[in-house]
Amino acid sequence: MIVAISPGKVILLGEHGVVYGKPCLSMAISLKVAVNIEKNKEFTVNSLPLDERRHVYIKKAIDKIWDKEPISITTFSQIPSASGLGSSAAITTACVAALLAIKGKFNLEDVAKTSFEVEYEVQGGASPNDTSVCTYGNAILTWEKKMPGYLWATAKDGREWFVYPVKVHDMKVVIGHTGIKSKTPLLIKKIRRFVEYSSFGRELINEMENLVIEGKKALENRDFVKLGSIMNENHKILHTLGASSKEIEKLRLAALKAGAYGAKLTGAGGGGSIIAIGDNPEKIAEAIEKKKGKAYIVSTAKEGVKILK
Ligand code: PMV
């Protein structure tokens, strides 16, 4: 028997832009998933037969790594699914990590690499950001620009990404989940159309670059007022690109009225969640709940995916 635990994530700045190689800043969070693997007579997931459509990420991970006897996989998640909080990335990294560990081949770079392949193939396009932050924990910057000190790098369809560690002291973030499922592949496609067919779309994506780099500095300097105002700017761009929704706007406004320094959608959008930062997380969480959002106050997960034996 083997158990792997992986944190979920929030994207602090730069979602969607990262699909085009722009920088993206994200942080692993204290909501986690666990995957337990045992020998079995047949392949099952949570006691049901392994199903190509229902267990799409797990099936893909098995196809890539596992050539041995049938196993049962049991998952436990604190992360709501399709919420923009990395539930599929965390399930994927935990599953990949556990399978590699059973084969005696567990190492973070291979977990990040295989997990990205799984997400990319399942979603028909993705950046390595989500699976990398779940793998390494803490905070990361994913960017097409090559500089010294990267954790790992990958390339797909003519695009390269380098994943860098970011120094983050323990930080609290308020999440407001709209309760509406965010459909990542659809949102990626919708924004791709905007970016490919209009120069305005491309300008918006380009504008994210400076914002994310300035936001990274603010995070490292613990200047949360500045980070908050950059989050607001980033949200405006995402809204213009078509990634927001009326539920997202409602929760975002509630967070700002409750004194948040900044609030934005996180992840693909179209539903899913917002994140907000401020000096009174409880007050922000209360305001989100009053508007029928589900609030979570989370902190930085210092560790990425790990194996419990
Ligand atoms: O909503 P999530 O957690 O799947 O995040 C998607 C983030 C995107 O930038 C839109 C896509 C990606 O793969 O980076």
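Interface of the two domains

Q: How many residue pairs are in polar contact across the interface of domain 1 and domain 2?
A: In this predicted model, local features need pLDDT of at least 70, side-chain atom pairs count only at pLDDT 80 or more, and totals for chains, interfaces and linings use all residues. Residues are numbered from 1 along each chain as its sequence is written, and side-chain values use heavy atoms, with hydrogens and water left out. A polar contact is a pair of N or O atoms within 3.5 Å; within protein, one must be able to donate a hydrogen and the other to accept it, and residues adjacent in sequence count only if both atoms are side-chain atoms. Across the interface, with both residues at pLDDT 80 or more, the rule finds a number of such pairs equal to 14.

Q: Which strand gives the most to the side of domain 1 that touches domain 2?
A: The elements that give two or more residues to this side are strand 1 (2-13), strand 2 (24-39) and strand 6 (139-143), where strands (E, at least two residues) are DSSP runs numbered from the N terminus, as are helices (H or I, at least four). With seven residues, the element that gives the most is strand 2.

Q: Where do the bounds of the two domains lie, and what distance separates their centres?
A: The domain assignment, automatic or from a database, gives domain 1 as 2-167 + 302-308 and domain 2 as 172-299. Taken over C-alpha atoms, the centres of domain 1 and domain 2 are separated by 22 Å.

Q: What area do domain 1 and domain 2 bury between them?
A: Contact (heavy atoms within 4.5 Å) joins 32 residues of domain 1 to 41 residues of domain 2. Buried area is the accessible area (1.4 Å probe) that two parts lose on being put together, summed over both. With 70% of it on carbon and sulfur atoms, the buried area comes to about 3100 Å².

Q: Which residue forms a salt bridge with Lys22?
A: A salt bridge needs a side-chain nitrogen of Lys or Arg within 4 Å of a carboxyl oxygen of Asp or Glu, and the rule finds two across the interface of domain 1 and domain 2. With the closest N and O atoms 3.3 Å apart, the partner of Lys22 is Glu209.

Q: How many residues apart in sequence are the parts that Lys103 and Asp67 tie together?
A: The side chains of Lys103 and Asp67 meet in a salt bridge at 3.7 Å, N to O. Lys103 lies in the loop between helix 2 (87-102) and helix 3 (108-123) and Asp67 in the loop between helix 1 (56-65) and strand 5 (71-77), so the separation of the parts tied together, in residues, is 36.
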